[in-house]
Amino acid sequence: MKEKQNKNKLIRLLNYSGNYKYLTIIGWIFSAISTICLLIPFIFIWDVVNALLIVAPDFANAQHITEYAFNAFLYAILGIIFNFIGLMCTHLSAFKNEKNMKDTAIKHLLKLPLGYFSNHTSGGLRKIIDYSTTKTETFLAHQMFDLIGAITTPIIFLILLFSFDWILGLICLIPIILCFIFMYPMFSKESQNIMVEYQTYLEKMNSEAVEYVRGIPVTKAFQQSIHSFKNFITAIKNYGKFSAQYSLSTQLPMTAFTVSINGFFALLIPAGILLAGSVVNIKFLSNFIFYIIFTPICAVMMNRIMSVSQDWMLAEHALDSIEEILNEKPLTEPTNPQKPKNHSIEFEKVYFDYENTSSDEHILNNINLKINENESVALVGPSGSGKTTIASLIPRFWDVKEGSIKIGEVDVKNISTKELMKNISFVFQNTKLFKDSIYNNVAIGKKGATREDVKKALTLAQCDDIINNLPDGIDTIIGSEGTYLSGGQQQRIALARAILKDAPIIILDEATALADPENEYLIQKAISEITRDKTVIMIAHRLSTVKNVDKIYVVDNGKIIEQGNHNNLVESKGLYSRMWDEFNQSIQWKVKNEAI
C-alpha cells in the first residue's frame, strides 16, 4: 500500500484541491498551449531571415516581411495571454490546496490524543504545517506549471529539429541526450533520500539556532562562547559536513550537465562549417541560422526541468511531513458512549508503554489504585518515576495497552472525548497562555461564560493584584507592548481558567514548581478554592504541599511501592520517609543560608 502511495504522490497532492484540481489540469493545458505559441514566433523569425537571404543584398525586395513580423507578434501575445490564464487557474487551485491541506491537518490534530502534543511542540507542528503547505502551494502554482512548459519545449524542439535539416537536427540532439543522462543520477531515489536528509540537518540546525539565541543572556553572564552550546556547534558541523559531501557527490554530474547544456554551439558551429563546404547554400545557411537562434531556448528549458525536479523533491518531502501527521491514529470514539456514574477514579492492573519505547521494561507496571469521589490524593516519587504518566492516562493523553482506567465505574475508552474533557481540569507546570487578553485566556475555560463569571474566577484565583496593575485590566493582551507575566502570575491565570470550568476532577501537575514564595502562597490559596468538593490528583516534589491530602501514592520505576497518609508513610521508614527527611534538610539548609 505504501509503495502504491509513493507512486501516486502527485495525485495525492492534487486531491487536497478537491474539485479545484481540474483547474490545475486546465492550467497545465494552457501552459503547453502557451509554450507552443511562444515557440511559433521563432519559425516566423526564420521566415524573415530566409526571405532576406533569398534577395540579399537587395533587402528591399524581400517578400512578406510585414506578414511574418505580425504573425510572430500575434503568437507572442497569444502565448502571454494563455500563460496568464493558465497561471490564474493553477493559483486558484493551489490556494485551495493549501487551505484544504491546513484544514485537514489541523482538524486531524484536534482528534489526536493529548499525549501527542507532549512529544511534538506547537512550534514544530506549526512549522511543519506552514512550511509544507507553502512549499506545495508554490510547487502547484508556479513550478509544476513551468515544468509542463519545460517538457513541452523539448517535444516541439524534437519535431522542429528534423523539419529543417535532419543532419543538424541529429547534431543538436546529442547535447539533449547527454543532459538527460547526466541529470538522472541527481534525481534518483538515492538523491531523494539525500534531499530529505539535507532538510533534516537544516531543520536541526535552525532549531538549535533558536535555542542558542534564547540562551545568549546565560552565555554572556557566564562569559561563555558559542562553543558552550555543544548541540548548536554539532548541528552546524553536521550540516556543513553533509552539505560538502553532497556538493562533492554532485560535482561531476552537475559539471557534465552544465557542459552538455551549453554544448550546442560547440557541436553546431564546427558541423555547420564542415557541412556548408566552400559553396554558400542559401537554404542551408537559413536552416543553420534557425538552429543557432532556437537551440538556446531548449538549453533554458533543460535547466528549468532540472530546477523543477529538485523543487518536486522538496514538495514530496513537504507532503510526507503533512501525511506523517495525518497518519497518526486519532482517539477511538466509543460507538455507545456512557456517562460516569460519579467522579471516582480507578486503575486496574494497568501496564503502559509509549509507542516508541524500545526497552523491554514497561513504563508503568501493574498500577492499581482507587480514588473515591471528592477525595484528594498525591502522586510523589523521584523524577521519571511515572507520576505524570499515571495522571496523563486518566484524560486519555494515551490509551493503556493492558488493564483499564475507570471514571465513575465506566472505562474512559467508553466515555466520549467531549464528556471526558468536561469532567476534568488540568493545571500543568508549564502553563499555556495565548497571546490574547486575560479575559479571553480565562473565558476559554467555559463556553458562554459572562464577563462577571471571569472576574469572579480571577478573584478566587488570587489574581486581583495582577489585574489592578495592568493598563487595561482583564482586557490587557499578554505579550503585547511589554506586558509579560511571571511564571507564578501565569499559573494563577491558569488556575482562574480551571476555577471557571468548575470540573469535578482536578489534576495538578507541579502547579507551584515555578513560583516564588509570594506567588506560591497565593497559588496555594487558589488551589484550595479550585479543589473544594472535587476529586483531586496532585503531583508534587515539594512534599509540604501534599501533607494534608487524603492519601499519598509513592511511585518508583513505574510501580506504586507505598500508599497511605503522610504520618503513616513517615513512620514506615520507606522511600517517602527518606524523601521527607531530605526535603526537611533542604529547607533547613535554605533557612540557614538565608540567615547568613
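**Exercise 1. Place helix α19 against the sheet.**
Task: Which strands does helix α19 lie across, and at about what angle does the helix run to β6?

Solution. Work in the predicted model. Take helix α19, residues 487-501. Helix α19 lies across β6 and β7. Now compare N-to-C directions. The helix runs at about 175 degrees to β6.

**Exercise 2. Pair β6 with β7.**
Task: In which sense do β6 and strand β7 pair, parallel or antiparallel, and over how many bridges?

Solution. Start with the general rule: strands in a sheet pair through backbone hydrogen bonds, in a parallel or an antiparallel sense. Next, locate strand β7 at residues 505-509. β6 and β7 pair in the parallel sense, over 4 bridges. Then pick one residue: Ser425 has Ile506 in β7 as its bridge partner.

**Exercise 3. Lay out the sheet.**
Task: In what order do the 6 strands stand, and which strands are at the edges?

Solution. The order reads β6-β7-β8-β3-β9-β10. The sheet is open, with mixed pairing. Look at the ends: β6 (424-427) and β10 (559-564) stand at the edges. Each has a single partner strand, so one side of each lacks a neighbour in the sheet. Finally, the twist: from one strand to the next it averages 20 degrees.

**Exercise 4. Check the confidence.**
Task: Where in the chain is confidence lowest, and where is it highest?

Solution. Begin with the chain: the average pLDDT is 79, and 85% of the residues score at least 70. The lowest mean, 45, belongs to helix α1 (residues 2-7). The highest, 91, belongs to helix α4 (residues 65-111). Residues 1-6 stay under 50 and have 2 contacts beyond four places in sequence. Residues 591-596 are also below 50, with 0 contacts beyond near neighbours in sequence.

Conventions:
Residues are numbered from 1 along each chain as its sequence is written. This is a predicted model: local features need pLDDT of at least 70, side-chain atom pairs count only at pLDDT 80 or more; totals for chains, interfaces and linings use all residues. Side-chain values use heavy atoms; hydrogens and water are left out. pLDDT is the predictor's confidence in each residue, from 0 to 100. Helices (H or I, at least four residues) and strands (E, at least two) are DSSP runs, numbered from the N terminus. Contact means heavy atoms within 4.5 Å. Two strands pair if DSSP finds at least two bridges between them. Axes are lines fitted to C-alpha atoms, for helices over the stretch in contact, and angles run from 0 to 180 degrees between N-to-C directions.
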